[in-house]
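Please study the sequence and the structure shown below. A set of exercises with worked solutions then follows.

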Amino acid sequence: MGNSWDLLLRRARIATLTEADDALLGAELGAEHGDAAIAVAGGHIKWIGKDSALPAGASAVREIDCEGAWLTPGLIDCHTHVVYGGNRSHEFERRLEGISYEQIARDGGGIRSTVKATRDASVEQLVDQSAPRLARMRAEGLTTVEIKSGYGLDLASERRMLRAAQWLAESQHVSVRTSFLGAHAVPEEYAGQPDAFIDHLIEDVLPVLADEGLIDAVDAFCETIAFTTEQVDRLFVAAGKYGLPVKLHAEQLSDQGGAALVAKHQGLSADHLEYLSQSGVEAMAKAGTVAVLLPGAFYFLRETQRPPIAALRQAGVPMAVATDCNPGSSPLTSPLLAMNLACVCFGLTAAEALAGMTREAARALGLDDRGTLAVGQRADLALWNVDRPAELAYGMGHNPLALRVFQGVVEGPMVDRQHAVEDSGDPVLSPRL
Ligand code: DI6
Ligand code: FE
């Protein structure tokens, strides 16, 4: 029937992550024989099924023999602060001496010290400093990343952070969703006046950045060392006026009732959640708010209280997993290690961790065109040299990525070798060459 596709991946095993099957990994197409295929055209998935069922006469500009390697959706990191200036290794040393994260913040360090370094940086410098971090994530099959502002805390600096995030999308071939986190900390010039600072964000900062098309969602830090639920509520009401969805850093260090607040606003996600109460769980379940688990921060801050995973599961709250990549509480640039930590520290299953870094992460960003492999979805894929998908969460410091496909364009560790293959006249590219 003369199908002409841009790309055809053959002889794969495929974890679709769709909910069509009861099994959490979805239909494991061709799992036994490595005989599944995916066809891509125009940056989207056009056909998916058994290799043996490919339509007669199907052809593609490029065909790749996956040799039984596993295909999953490209990884999605739905909570990062990957754009920032400087680093906080000196504070890490203080914490190793026994000084707490909260104490460092109260002494004027913490977020505020990164604000100083970020305010001093140009957009170009922010891009240069952040690109290697994002490149490390991309090397592990990342295709979509959420990036927050929140280290500028004034209009010009927040704008530079958000512009840097958009530039990185272009240069790194990743899809970027931006969140405005102006309410991350009270800046020096508003010391002791958090309400006035929230007013300033609502009146002078949010409207401008929203109008400039720099924001996809509004986030805040609800905590004793940051903002109260009342202050966050006012900000969220303002976000609603611009049609922007909300999300929240909630119950990270104490139970402030932040999850219930974000649920009240039909928010996309409540993130961290170590101190989440049962009523918070129920409010999230009712609103369909995703729980974003950030085990990197739990580990790095040596937190001992775990998020109530069993209660979240029981209530049917979707659970996403993210790196929280940031200089203070989670200098983590490995989505795969975040999956491992979610299993080891929080007790997720390997399948839940993979769903948390794909399907549920897409849900946490309000995106329904990615995170699963099905006809019509974006062709954002990762091909892994593993025998079982559980190996993705099992390894520590191990990167089995063979290929990354971003909107139908193939990249990966073996792409250089691909040219040698093409020069030799062999049209079939093998990830294990
Ligand atoms: N919670 C966090 O873990 C990050 N932000 C937040 O609200 C930490 C930010 C930092 O310490 O720089
Ligand atoms: Fe965070």
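The exercises below concern a predicted model and treat its ligand and then several individual residues.

**Exercise 1. The surroundings of the ligand**

Determine how many residues surround ligand 1, which of them are closest, and how the shell divides by class.

Solution. Step one is the count: ligand 1 is surrounded by 14 residues. Step two names the closest, which are Arg88, Tyr101, Tyr151, His184 and Ser329. Step three sorts the shell by class, which gives 4 nonpolar, 8 polar and 2 charged residues.

**Exercise 2. Polar atoms and burial of the ligand**

Find which polar side-chain atoms lie by the nitrogen atoms of ligand 1 and which lies by an oxygen atom of ligand 1. Then state what percentage of the area of ligand 1 the protein buries.

Solution. Begin with nitrogen: His184 places a polar side-chain atom 2.8 Å from a nitrogen atom of ligand 1. For Gln252, an N or O atom of the side chain is 2.9 Å from a nitrogen atom of ligand 1. Turn next to oxygen: a polar side-chain atom of Asp324 is found 3.2 Å from an oxygen atom of ligand 1. Each of these pairs can be checked against the cut-off for a polar contact, within 3.5 Å. As for area, ligand 1 taken alone exposes 320 Å², and the protein buries 100% of this. Finally, the largest cavity is the space that ligand 1 takes.

**Exercise 3. Classifying residues as buried**

Decide why Ala164, His81, Gly110 and Asp51 are classed as buried, and locate each of them.

Solution. The step of reasoning needs one cut-off: a residue is buried if its relative accessible area is under 20%.

- Ala164 belongs to helix H5, residues 155–172. Its relative accessibility is 0%, and therefore Ala164 counts as buried. In space, the C-alpha atoms of Ala164 and Asp128 are 9.2 Å apart, with the two positions 36 residues apart in sequence numbering.
- His81 occupies the loop between strand E7 (75–77) and helix H1 (89–96). His81 is buried because its relative accessible area is 2%. The side chains of His81 and His79 are joined by a polar contact of 3.3 Å.
- Gly110 sits in the loop between helix H2 (101–106) and helix H3 (111–119). With a relative accessible area of 4%, Gly110 is therefore buried. From Gly110 to Pro327 the C-alpha separation is 9.0 Å, although the two are 217 residues apart along the chain.
- Asp51 is placed in the loop between strand E4 (44–50) and E5. Asp51 has a relative accessible area of 10%, so Asp51 is buried. Asp51 and Ala36 are 15 residues apart in sequence, and their C-alpha atoms are 4.7 Å apart.

**Exercise 4. Classifying residues as partly exposed**

Explain why Arg11, Glu67 and Arg136 are classed as partly exposed, and describe phi for Arg11 and Glu67.

Solution. The class of partly exposed residues lies between the buried class, under 20%, and the exposed class, over 50%.

- Arg11 is part of strand E1, residues 4–15. Its relative accessible area is 42%, so Arg11 is partly exposed. Phi of Arg11 is near 55°, which is a positive value in a residue other than glycine.
- Glu67 is located in the loop between strand E5 (59–65) and strand E6 (70–73). Glu67 is partly exposed because its relative accessible area is 32%. Although Glu67 is not a glycine, its phi is positive, at about 50°.
- Arg136 falls within helix H4, residues 123–138. At 44% relative accessibility, Arg136 is therefore counted as partly exposed. The C-alpha atoms of Arg136 and Leu332 are separated by 10.0 Å, while along the chain the two residues are 196 residues apart.

How values were computed:
Residues numbered from 1 in each chain as written. Chains lettered and ligands numbered in written order. Predicted model: local features only at pLDDT ≥ 70, side-chain atom pairs only at ≥ 80, totals over all residues. Heavy atoms only, no water. Near = heavy atom within 4 Å. Polar contact = N/O pair within 3.5 Å; in protein donor to acceptor, adjacent residues only side chain to side chain. Areas by Shrake-Rupley, 256 points an atom, 1.4 Å probe, with all protein chains shown as cover. 1 Å grid on protein atoms, 1.4 Å probe; cavity = no way out; pocket = protein on both sides within 12 Å on 5 of 7 lines; lining within 4 Å. Sits in = over half its atoms within 2 Å of the grid points. Nonpolar A, V, L, I, M, F, W, Y, C, P; charged D, E, K, R; others polar. Helix = DSSP H or I, 4+ residues; strand = E, 2+ residues; numbered from the N terminus. Buried < 20%, exposed > 50% of the residue type's maximum accessible area, 1.4 Å probe, protein only.
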